[in-house]
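Let's take a friendly walk through a protein chain, looking at its charged side chains and at a pair of its strands. Have the sequence and the 3D view open as you read.

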Amino acid sequence: MPKSCDVIVIGSGIGGLTAALLLARRGLKVIVFEAHDRPGGAATSWVRKARDKNRIARRFIFDAGVQDISGLAPGAPLARLLEGTEAGAMLQWQRVRHRYIQDGLCIDVPETRQGFEALLAIRFPQERCGIERLFAEIAHLETEIASNTERLLSGQGDMGDLSAWAVANPAMMRWMKEPYDAFLGHFISDPALKQLLTIISEYVTEDPARLTVGDMVPLFGYYRHGGFYPRGGTQQLSNALMHDIRSHGGIVRLKTQVAKIRLEGERVVGVTTIKGEEIAAREVIANMDPASCHRDLLGSPVLPANYNRRLKAREQGPSGILVSIGLDTLPDLPARTFVHANNMGLGIGNPSAIDTTLAPPGHAAITLLHLISAEKTQEWLALSGAAYETAKSEITDTLLDLATIAIPDLRRHIVHHETATPRTFLSYLNTPHGEIYGTAIGQWAPRAATPIPGLTLTGATTHYGPGVEAAVLSGFEAANQLA
């Protein structure tokens with residue numbers, strides 16, 4: 001371990017890995033410190049071995065939650081990051097198909113935007129004109145967002161002159177802060193169709209009422225360009241990025257926790273690990289919650305009053321209940337199914353439908369993800385002992401019952417299952433309250449630059465929000481701040 005470098009990255013989530021890789025490619029000496037035994041944050045996978053009803057050992061690969069990755073269209077953030085790299089060559093991508101099951105309505109989403117529009121027009125013929133107008137307006141917004149994304153990816157920085165920006169982005173100026181439900185109301189009126197066009201919001205929030213147009217439009221990219229899954233599990237993406245960092249001379253140090261960010265005066269000068277190692281650096285990038293970073297690693301330095309107030313006032317995003325299940329059958333289900341029934345939402349991941357490496361032949365590794373609010377999360381964190389185990393058993397049963405809407409014979413095929421709760425995410429993701437999506441939708445979130453000289457932020461807690469594509473964008477911004 002060298003005693004100094006140009007940039008230290010704390011945390012190896014996708015934002016941290018992206019920033020580290022970009023800087024290493026630009027010739028900087030980079031060290032990434034990760035407390036876990038593998039890189040990736042929420043973009044990780046793990047192996048479980050279980051015995052089926054015949055006592056035969058079976059091997060399953062489960063993901064921590066990420067199973068549908070956007071940003072791989074030509075010129076999109078993740079595609080740009082991987083283009084022409086060893087990491088890109090290491091990965092094999094499989095297209096993820098969606099099924100929506102909503103209070104008795106079942107739709108298999110076609111692979112093209114035009115196909116989805118046509119299907120919705122057939123299912124909701126009275127809304128045909130509104131559907132066409134809605135998707136046309138979203139296409140305008142996507143074009144403007146892509147233009148601004150390109151400016152970030154090419155290192156051109158902020159929006160510059162706001163008046164010129166407004167002229168170049170009329171659709172964004174009109175709609176981006178509009179509540180998404182109100183936006184839908186300008187085009188369609190059927191409540192079931194509105195809910196159907198909101199169901200994918202599970203990828204960013206548990207509370208669709210918080211959504212703005214700016215929050216939802218990027219998710220419509222799944223209908224235009226598709227989402228993808230890396231063969232072998234999401235860990236393959238994180239491992240490939242780590243490999244590329246190392247191949248460009250960077251260091252990724254796993255199972256190493258940073259205990260302190262060191263300051264000289266008001267400027268960051270390096271870090272101290274929990275083992276007492278001191279490494280100097282002219283810049284530190286923190287891929288972690290900013291409030292925790294300032295409080296736990298910097299010792300609560302003096303921050304500008306407005307920045308400090310906004311930082312403390314942020315609401316944390318949702319946590320979740322994640323049930324990982326090994327089945328002795330391969331269900332007739334696409335890689336991603338969204339179920340909404342009985343006032344509950346559930347995402348079912350079945351990547352075994354497109355990747356046979358995750359389970360033995362004729363078997364499947366599936367996940368059930370149910371998001372829970374910050375208030376419910378606090379209730380989970382307050383539980384302990386028998387009360388916690390009882391609550392975990394009850395929510396598992398509830399989610400299994402909900403999943404049988406999509407997989408009727410689910411229970412009789414289970415050979416292994418385990419349940420993660422907010423306490424699990426608190427431990428493994430090291431987020432302040434076990435949240436999995438960073439800052440709540442609709443809340444102020446910081447940009448990469450901070451008031452502390454030498455400290456930069458990246459990840460889901462920045463203003464880009466949750467998701468792999470968003471994390472890659474945050475990594476680009478962080479890297480562009482420094483080189």
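The paragraphs below start with a strand hairpin and then turn to salt bridges. Keep in mind that this is a predicted model.

A good place to begin is strand β3, which covers residues 45-51. Its partner is strand β4, residues 57-63; the two run antiparallel and are joined by seven bridges. To find your bearings in this pairing, pick out W46 and look across to β4, where F62 is its bridge partner. Together β3 and β4 make a hairpin, with five residues between them. Pause at R55 in that turn: its phi is positive, at about 65°.

Now stay with β3 and look at R48. Which side chain does R48 meet in a salt bridge? The partner is E418, with an N to O distance of 2.8 Å. Because R48 lies in β3 and E418 in strand β17 (residues 414-420), this pair ties together parts that are 370 residues apart in sequence. Are these two residues buried or exposed? R48 is partly exposed, since its relative accessible area is 32%, and E418 is also partly exposed, with a value of 22%.

A second salt bridge to visit is the one between R231 and D355, where N and O are 3.6 Å apart. This pair, too, links distant parts of the chain, with 124 residues separating the two in sequence. R231 sits in the loop between β8 (227-230) and α12 (235-247), while D355 is in the loop between β15 (344-349) and β16 (364-372). The two ends of this bridge fall into separate accessibility classes. R231 counts as partly exposed, at 32% relative accessibility. D355 has a relative accessible area of 0%, so it is buried, the cut-off for that class being under 20%.

For a pair of neighbours along the chain, go to D37 and R38. They form a salt bridge in which the closest N and O atoms are 2.9 Å apart. D37 is partly exposed, with a relative accessible area of 38%, and R38 is partly exposed as well, at 24%.

Salt bridges can also join up into a network, and R95, R97 and E111 are linked in this way. How many salt bridges are there by the rule used here? The count comes to 23, among them the R48 and E418 bridge that starts from the hairpin strand β3.

Note on methods. Residues numbered from 1 in each chain as written. Predicted model: local features only at pLDDT ≥ 70, side-chain atom pairs only at ≥ 80, totals over all residues. Heavy atoms only, no water. Salt bridge = Lys/Arg side-chain N within 4 Å of Asp/Glu carboxyl O. Buried < 20%, exposed > 50% of the residue type's maximum accessible area, 1.4 Å probe, protein only. Helix = DSSP H or I, 4+ residues; strand = E, 2+ residues; numbered from the N terminus. Pairing = 2+ DSSP bridges.
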